[in-house]
Amino acid sequence: MSAPLVELKDISIAFGGVRAVDRVSLDLHAGEVVGLLGHNGAGKSTLIKILSGAYQMDSGEIRINGEKATINSPRDARRYNIETIYQTLALADNLDAASNLFLGRELTTRLGLVDDAQMEAETRKIMARLNPNFKKLNEPVSALSGGQRQSVAIARAVYFNAKILIMDEPTAALGVHETQMVAELIQELKKQGLGIFLISHDTREMLELCDRVSVMKNGQMIGTERVEDVTEDDILSMIILGRKPGEEAA
Amino acid sequence: MAASEPSATPSAQTKRSLLDQLELDTRLLGMIGAFVLVCVVFNIMTDGRFLTPRNIFTLTVQTVSVAIMATGMVFIIVTRHIDLSVGAILAASSAVMAMTQTQYLPNALGLGLEHPLTPWITIAVGLVVGAAIGCFNGWLVGYQGIPAFIVTLGGFLVWRNVGWYQTSGQTIGPLDPTFMAFGGINGTLGVGLSWIFAALAVAATCWLLFQARRNKVSHDMTPKPLWAEVSLAGLLSALIIGFVWIMNSYEIPTRRLERLFEARGEIMPEGYTEGYGVPISVFLLIAIAIAMTVIARKTRLGRYIFATGGNPDAAELSGINTRLLTVKIFGLMGALCALSAVVASSRLANHTNDIGTLDELRVIAAAVIGGTALSGGIGTIYGAILGALIMQSLASGMAMMGVDAPLQNIVVGAVLVFAVWIDIQYRKRMGEKI
Ligand SMILES: Nc1ncnc2c1ncn2[C@@H]1O[C@H](COP(=O)(O)OP(=O)(O)O)[C@@H](O)[C@H]1O
Ligand SMILES: [Mg+2]
């Protein structure tokens, strides 16, 4: 079998005295969705931010397609085709959808000036696919609803042909209908062969969408299970008690 | 009548959509309205002395130095920083340039005043010094994490006095005549060239509007109605022509003309008159305004400046090097201070140690009155220039009316706070509407 798309090995990072991520290992294959579960503060966002270049790990190793990867900045992560939808969305509220979608990767004209018309046209195209209701292309994204803002963040990750997609609570601010749309999108991207890390608090949703789920607690990895091998209760007890099903308390 | 007939829409909605269609910038309209009001009121209070070609010429020339720096301050404030050292950087660059043309160049290279290379080498030296100081400020802010307020408060004390040591505190003059052409009255395009400038500006404006329209159509976007586009072109052209006409109507005093003719060994014909035309300093300001607007709207640098101002974390996560960006913005500010120093010192015809004193406050006020939000992410170049013009109009108008200096300051201070209050109310309104 070929090497996993992503291997995270013994990753650790501390903020001051807090060991936010403590010797965590996890891997991800192409065409696979791996879910990360755990209480607030468990270290999920911190772990994926190390992969997306927002934080630098203190120790550990990242391998991509079997080769050691150096990710020291968001720019580095992009070179490995890693795209991230952050929990806090990371949009510039004062800019419109197109400027946000292409932020840091603007299309330019022959003169080297930013090509707003072209970017708007591209945005229109991808939005038609992701969220047909999306109309406010010329307004700052601060004027958009939570769901529409989410579409901009998702469009940004999808447009640039990510191979590795990280979604940190992508449905937290969404209604039922929009959540359904995100779920369908995840299925579609998975079929296209992307590897996806998905973070969510909705255990049932995770069991439907993911191939494997990992549970973190206090910065440590409790365990990773194939979804067909576990029940919702097993997962909940891992989250709450911090031990695998059948395992005795430490 | 068909059910889909749009005439059934309530009138309020039609009005709103008309405004949308025209894509009129209501904030800009408001500022222009305020400016016109200031002009008209002063004109009445001064029995028509405010809106004479002579006063408009003077007003424009006095605005240039602050307006140039205000365009740079927009970028600084948009990225949530502040620069309190612009007046000091202006003084330091001015000192270096004064010494370069009167001491260093004559002593080192044997180039005297009036040597054709002197003004250009001088300006280049000034630009390098200004930009270097700015970059240093930016490095302290971006890479060392010292708040811009502190870095530039320090710079406010440091740089003017570094200039003092350059000149030993002396007033340096006279300056090179070509250099002084940037000062305003000593360097104008003349009537003929000014009209050519007007024609080119009108042509460029129409061409740009046309290009923008074509670009929209080619990307399947609905452009403004044609009549609106044509009216806008007409209005802008009228403004350009009107401005040039006023500058041309300000006539060079007869005695000065006589001297000019004498210098050429000719005798002035009886009843001969000649207008000044557009000052070179105003021409410089227009060029800077265009360049800065292009940077703001059409370059990656500008996009990153606004993105960083809107959400620094998002910018960082999008792979933007916000530290280097800070250095660039402050460096640009420093270079603009040096250009302002060229204009200011040549307007005064010499360098004095107190040149540009209090300019930091005028520049920040101009940017803020022009709609730049201190919370970051919002601001326009034209707004800052209009802001500078409004500030200068208030100052000159009150001076013309003989208002006491203390009261002048009280009024300007109150207007600054009032303008920001209006802006906040406006934003709240817009926020509710959306
Ligand atoms: N930038 C930071 N500085 C200091 N502490 C942080 C930072 N980011 C996260 N932490 C801490 O790391 C721990 C894990 O946080 P996080 O990864 O956001 O958890 P989760 O996403 O699982 O809710 C928390 O204790 C949090 O306070
Ligand atoms: Mg989180």
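Which residues surround ligand 1? Before I answer, let me say that everything I describe this morning comes from a predicted model, so please hear each distance and angle as a computed value.

Ligand 1 is surrounded by residues of chain A, namely Phe15(A), Val18(A), Ala20(A), His39(A), Asn40(A), Gly41(A), Ala42(A), Gly43(A), Lys44(A), Ser45(A), Thr46(A) and Tyr55(A). Three of these residues are worth a closer look for their polar atoms. With Thr46(A), a polar atom of the side chain lies 2.5 Å from an oxygen atom of ligand 1, while Ala42(A) places a backbone N or O atom 3.2 Å from an oxygen atom of the ligand. With Tyr55(A), the ligand atom concerned is a nitrogen, and the distance from that nitrogen to an N or O atom in the Tyr55(A) side chain is 3.1 Å.

Staying in chain A for a moment, I would point you to the loop between α5 (146-159) and β7 (164-168), where Asn161(A) is found. Asn161(A) is not a glycine, and yet its phi is positive, near 55 degrees.

Let me now turn to chain B and its helices. Helix α8(B), residues 190-218, packs against helix α9(B), residues 226-249, at an angle of about 165 degrees, and their axes are 10 Å apart. Because angles over 145 degrees count as roughly antiparallel, that is how α8(B) runs relative to α9(B). The crossing of this pair is right-handed. On the α8(B) side the contact includes Trp195(B), Phe197(B), Leu209(B) and Arg213(B), and on the α9(B) side the residues met include Glu229(B), Leu236(B), Ile240(B) and Trp245(B). Taken by class, the residues of this contact of α8(B) with α9(B) divide into 16 nonpolar, five polar and two charged.

A further helix pair in chain B is α5(B), residues 118-142, with α6(B), which pack at an angle of about 145 degrees with their axes 9 Å apart. Here too the crossing is right-handed. Ile133(B), Phe136(B), Asn137(B), Leu140(B) and Val141(B) from α5(B) meet Ala148(B), Val151(B), Thr152(B) and Trp159(B) from α6(B), and the residues of that contact comprise seven nonpolar, two polar and no charged.

Finally, if we follow chain B beyond α6 (148-167), we come to the loop that leads to α7 (177-180), and Pro174(B) lies in that loop. The peptide bond from Gly173(B) to Pro174(B) is cis in the model, with omega near -5 degrees.

Key. Residues are numbered from 1 along each chain as its sequence is written. Chains are lettered from A and ligands numbered from 1 in the order in which they are written. This is a predicted model: local features need pLDDT of at least 70, side-chain atom pairs count only at pLDDT 80 or more; totals for chains, interfaces and linings use all residues. Side-chain values use heavy atoms; hydrogens and water are left out. Axes are lines fitted to C-alpha atoms, for helices over the stretch in contact, and angles run from 0 to 180 degrees between N-to-C directions. Helices (H or I, at least four residues) and strands (E, at least two) are DSSP runs, numbered from the N terminus. Angles under 35 degrees count as roughly parallel, over 145 as roughly antiparallel, 65 to 115 as roughly perpendicular and the rest as oblique. A crossing is left-handed if the near helix is turned anticlockwise from the far one by less than a right angle, and right-handed if clockwise. Contact means heavy atoms within 4.5 Å. Ala, Val, Leu, Ile, Met, Phe, Trp, Tyr, Cys and Pro count as nonpolar, Asp, Glu, Lys and Arg as charged, and the others, Gly among them, as polar. A residue is near a molecule or strand if one of its heavy atoms lies within 4 Å of it. A polar contact is a pair of N or O atoms within 3.5 Å; within protein, one must be able to donate a hydrogen and the other to accept it, and residues adjacent in sequence count only if both atoms are side-chain atoms.
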